[in-house]
Amino acid sequence: MSASPSFGGGLQAFPGDMDHSADASGLLEGSDIGSQKERVVTEEEWLQKWEMGNIGFHKEQRHPLLQKYLDVLLNGRSGLRIFFPLCGKAVEMKWLADMGHTVVGVEVSEQAVKEFFSDHSLPYCEEPVPEISGAKMFQSTSGNISLYCCSIYDLSSSIVGKFDGVWDRGALVAVNPCDRQRYASLMISLVEKNSSYLLVTVSYDPNKHKGPPFYVPESEIKSLFGNCCEIRCLEKVDDFSERHRQWGLDYFLEVLYLLKFVA
C-alpha cells in the first residue's frame, strides 16, 4: 500500500509515545510545513465543496478511533455536553446523542447541516441566532443536537456555553494555518475544567500536498495547547489510501491526541 517499508496494507497502529510518525515516515517533527504556511482556503471554497459533493473528508461510518477511545473522552461520565467543531454532517453526533449526551456543532455550510438531519430522518427546528448576524441554529426536536450555521469564530461561551468534551476530527486540520492560534484560543475558551478533548491530526510530507487537510506537527500542538492542558498522543494509524497516492503522497497518518484540561 504505502511506499514506506514500515507500513503494511490496512490500518496499523503505532504505540502512543511521541514522535513515532516522524520515525516511521522519515519526516522530522517540527520541520518546515512547506508552502502550507501561507495557504488560505476561503469560506466560499468550503461551501462549494459541499455544493459539488466534493466531500471526501466526510466519513459514512463512525470513526474507529472515537469508537476505540470513547471511554477516554467520557471518563466515566454521563450526560455530557460535547462539541463538534466544523462538524459537517458527522454521523458520530447522532451516535453520542443517542447515548444521552448533548451535542453541539458548528458548520459554515447550511447544506451540510440540513443533510445531517435528513440523513438520519431527524425532525428539527430552525431559528436565528440573535448575537450573530445571519447565523442560524438548527436543533433536533428532541433538543439534544444543536448545530450552529455560521463561522466558528463568531461563537463564544456566552452563546453556546461550555463543554465537557470535544471531538475534533477534520477541524484543526481544516483551519488555515495562519488561523490556528485564533482557533486554539477559541477552543480553550469553550471547554470546562476537567474536560477531555480528542484531537485527530494528519501527518504527511507537506511539501507534496498543499492541503487541506493540513499537516499539523506535534510541536505545534504543544505550542497551541501546552500551556493549559496535558497532552498525550494516544495512537498513530496508517490511513494511506489511493486518494492520498493521487495527491502525490507516499504515506499518510492519522494521529490521535488527548488534551486533558486539568482543574
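Here is a walk through some charged pairs, buried side chains and backbone oddities of this structure. Keep in mind that you're looking at a predicted model.

Let's start with charges. Side chains of opposite charge can pair when their charged atoms come close. A search of the whole structure turns up 11 salt bridges. We'll visit a few of them and see which parts of the chain they link.

Find Glu235 and Lys68 to begin with. These two form a salt bridge, and their closest N and O atoms sit 2.7 Å apart. Glu235 is in strand 9 (residues 230-238) while Lys68 is in helix 3, so this pair ties together parts that are 167 residues apart in sequence. Now, is each partner buried or exposed? Glu235 has a relative accessibility of 6%, and because buried means under 20%, Glu235 counts as buried. Lys68 is another story: its relative accessible area is 53%, so it is exposed.

Next, look for Lys89 and Glu115. They make a salt bridge too, with 3.0 Å between the closest N and O atoms. Lys89 lies in the loop between strand 2 (81-84) and helix 4, and Glu115 lies in helix 5 (residues 110-119), so the bridge ties together parts that are 26 residues apart in sequence. Lys89 is buried, at a relative accessible area of 10%. Glu115 is partly exposed, at 22%.

Stay in helix 5 for the next pair. The side chains of Glu110 and Lys114 meet in a salt bridge, at 2.9 Å from N to O. Why can we speak of a helical turn here? Glu110 and Lys114 are four residues apart in helix 5, so about one helical turn separates them. Glu110 counts as partly exposed at 24% relative accessibility, and Lys114 counts as partly exposed at 33%. This pair has company, too: Glu110, Lys114, Glu126 and Lys136 are linked in a network of salt bridges.

Some charges gather with others of their own sign. Which residues form a negative surface patch? They are Glu43, Glu44, Glu45 and Asp154. Zoom in on Asp154 and you'll be in the loop between strand 6 (145-149) and helix 6 (157-160). Asp154 is partly exposed there, with a relative accessible area of 40%.

Let's turn to a couple of buried residues. His101 lies in the loop between helix 4 (92-98) and strand 3 (102-107). Being in a loop doesn't put His101 on show: this residue is buried, with a relative accessible area of 4%. What does the side chain of His101 reach? It reaches the backbone nitrogen of Leu80, at 3.0 Å.

Now go back to helix 3, which spans residues 64-74 and holds Leu73. Leu73 has 0% relative accessibility, so it counts as buried. Here's a nice look at folding on the page versus in space: Leu73 and Tyr197 are 124 residues apart in sequence, but their C-alpha atoms are 6.9 Å apart in space.

Finally, let's follow the backbone itself. Trace the chain to the loop between strand 8 (191-203) and helix 8 (218-225), where you'll find Pro212. The peptide bond from Gly211 to Pro212 is cis, with omega near -5°. Take one step along the chain and look again: the bond from Pro212 to Pro213 is cis as well, with omega near 0°. Pro213 is also in the loop between strand 8 and helix 8.

The backbone angle phi gives us two more stops. Ser121 isn't a glycine, and its phi is positive, near 50°. Look for Ser121 in the loop between helix 5 and strand 4 (124-128). Ser121 has a relative accessible area of 64%, and since exposed means over 50%, Ser121 is exposed. Asn194 is another non-glycine residue with a positive phi, this time near 70°. You'll find Asn194 in strand 8, where it is partly exposed, with a relative accessible area of 42%.

Conventions. Residues are numbered from 1 along each chain as its sequence is written. This is a predicted model: local features need pLDDT of at least 70, side-chain atom pairs count only at pLDDT 80 or more; totals for chains, interfaces and linings use all residues. Side-chain values use heavy atoms; hydrogens and water are left out. Patches are made of residues with over 30% relative accessible area and no salt bridge: like charges are joined within 9 Å, nonpolar side chains (Val, Leu, Ile, Met, Phe, Trp, Tyr) within 5 Å. Accessible areas come from the Shrake-Rupley method with a 1.4 Å probe; for residues, only the protein chains shown count as cover. A salt bridge is a side-chain nitrogen of Lys or Arg within 4 Å of a carboxyl oxygen of Asp or Glu. Lys and Arg count as positive and Asp and Glu as negative; His and the chain ends are not counted. The place of a charge is taken as NZ of Lys, CZ of Arg, CG of Asp or CD of Glu. Buried means under 20% relative accessible area, exposed over 50%, partly exposed in between (1.4 Å probe, protein chains only). A polar contact is a pair of N or O atoms within 3.5 Å; within protein, one must be able to donate a hydrogen and the other to accept it, and residues adjacent in sequence count only if both atoms are side-chain atoms.
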